Amino acid sequence: MKNKVIAIDAGHGGYEAGAIGCLGDKEKDITLAIAKFLETELSKRGADVVMTRSDDSYVGLQERVDITNYNAAQVFVSIHGNALPDGMDPNEHSGTSIYYYYNQAKPLADTVLKKMVSELDLNDDKVRQASFAVVRNTNALSILIETAYLINPEDNSKLMSEDFQKQCAKAIADGLEEYFKGLNYTTNQ
């Protein structure tokens, strides 16, 4: 991970709470906790980490993109907690999903999701392509991780646990490291 510049984006923040969990917990707090654990994990592995926010402040979508591009990040990881539209049964949806926009980011999304599902014992809620501003407008290889469903009682209890948040950060870091090792292997052949 040495010499890798990785931007970590804790979704939402400030007046933008994001989804609200079963017990009133806010997505913005959970994403920040996981992002900080991920920052520590990646720094220990030698990566240069750029945070789009390090506290409970509002950062606009374009500002998140600008921070990432200004710092010439090679990878951008946006951390979120999933929710569902009103009327959908939260008990029928659980697990981790990862979104990407550009096809170049799909192998990264696949690798990180595989690690998260296996290490965290979460359902595989699939890798999907979507036109989210933060993954579409950054120059970095960009993914948006829906760590688990805030509105699913079982997922929510996991997301509220500091141990789970740390494990989540480790699984993401393991996925990033595996992805980079695969790149180095292919380049050195």
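## Side-chain contacts and the largest pocket

With a relative accessibility of 9%, K28 counts as buried. The model in which this residue sits is a predicted one, and its contacts can be approached through salt bridges, of which a search of the whole structure finds 13, and through aromatic pairs, of which the same kind of search finds four. A further topic is the largest pocket, which holds about 290 Å³ of space.

**The salt bridge of K28**

- The side chain of K28 meets that of D56 in a salt bridge, with an N to O distance of 3.0 Å.
- Because K28 belongs to helix α1 and D56 to the loop between β2 and α2, this pair ties together parts of the chain that are 28 residues apart in sequence.
- Whereas K28 is buried, D56 counts as partly exposed, its relative accessibility being 41%.

**Salt bridges of E178, and a network**

- E178 forms a salt bridge with K114, in which the closest N and O atoms are 3.4 Å apart, and E178 also forms a salt bridge with K115, where the corresponding distance is 3.2 Å.
- E178 lies in helix α6 (residues 162-187) and K114 in helix α3 (residues 106-120), so their pair ties together parts that are 64 residues apart in sequence; for the pair of E178 with K115, which is likewise in helix α3, the separation is 63 residues.
- E178 is partly exposed at a relative accessible area of 30%, K114 counts as exposed at 53% relative accessibility, and K115 is partly exposed at 21%.
- Salt bridges also link E41, K44, R45, E119, K170, D174 and E177 in a network.

**Aromatic pairs and a charge over a ring**

- One of the four aromatic pairs found in the structure is formed by Y15 and Y58, which are stacked, with 4.5 Å from centre to centre and 20 degrees between the planes.
- Y15 lies in the loop between β1 (5-10) and α1 (27-44), while Y58 lies in the loop between β2 (48-51) and α2 (61-70), so the stacked pair ties together parts that are 43 residues apart in sequence.
- Y15 counts as exposed, with a relative accessibility of 68%, whereas Y58 is partly exposed, with a relative accessible area of 37%.
- The rings of Y99 and F132 have centres 5.1 Å apart and planes at 75 degrees, and the pair is therefore edge-to-face.
- This pair links distant parts of the chain, since Y99 is in strand β4 (residues 96-100) and F132 is in the loop between β5 (124-129) and α4 (133-136), 33 residues apart.
- Y99 counts as buried at 14% relative accessibility, but F132 is partly exposed, with a relative accessible area of 32%.
- The charged end of K4 sits over the ring of F180, at a distance of 5.0 Å from the ring centre.

**The largest pocket**

- The largest pocket, with about 290 Å³ of space, is lined by 22 residues, of which H12, E16, L61, H80 and L144 are the closest to its centre.
- The elements that each give two or more residues to this lining are α2, β3 (75-82), α4 and β6 (141-149), and β3 provides the largest share, namely four residues.
- By residue class, the lining of the largest pocket divides into nine nonpolar, eight polar and five charged residues.

Note on methods: Residues are numbered from 1 along each chain as its sequence is written. This is a predicted model: local features need pLDDT of at least 70, side-chain atom pairs count only at pLDDT 80 or more; totals for chains, interfaces and linings use all residues. Side-chain values use heavy atoms; hydrogens and water are left out. Rings of Phe, Tyr and Trp (its six-membered ring) pair if their centres lie within 6.5 Å; planes under 30 degrees apart count as stacked, over 60 as edge-to-face and the rest as tilted. Buried means under 20% relative accessible area, exposed over 50%, partly exposed in between (1.4 Å probe, protein chains only). A charge sits over a ring if NZ of Lys or CZ of Arg is within 6 Å of the ring centre and within 35 degrees of the ring normal. On a 1 Å grid over the protein atoms alone, a cavity is a set of points where a 1.4 Å probe fits but cannot get out, and a pocket is an open set with protein on both sides within 12 Å along at least five of seven lines; lining residues have an atom within 4 Å of a point. Grid points are joined across faces, edges and corners, and a volume is the space filled by probe spheres set on the points. Ala, Val, Leu, Ile, Met, Phe, Trp, Tyr, Cys and Pro count as nonpolar, Asp, Glu, Lys and Arg as charged, and the others, Gly among them, as polar. A salt bridge is a side-chain nitrogen of Lys or Arg within 4 Å of a carboxyl oxygen of Asp or Glu.
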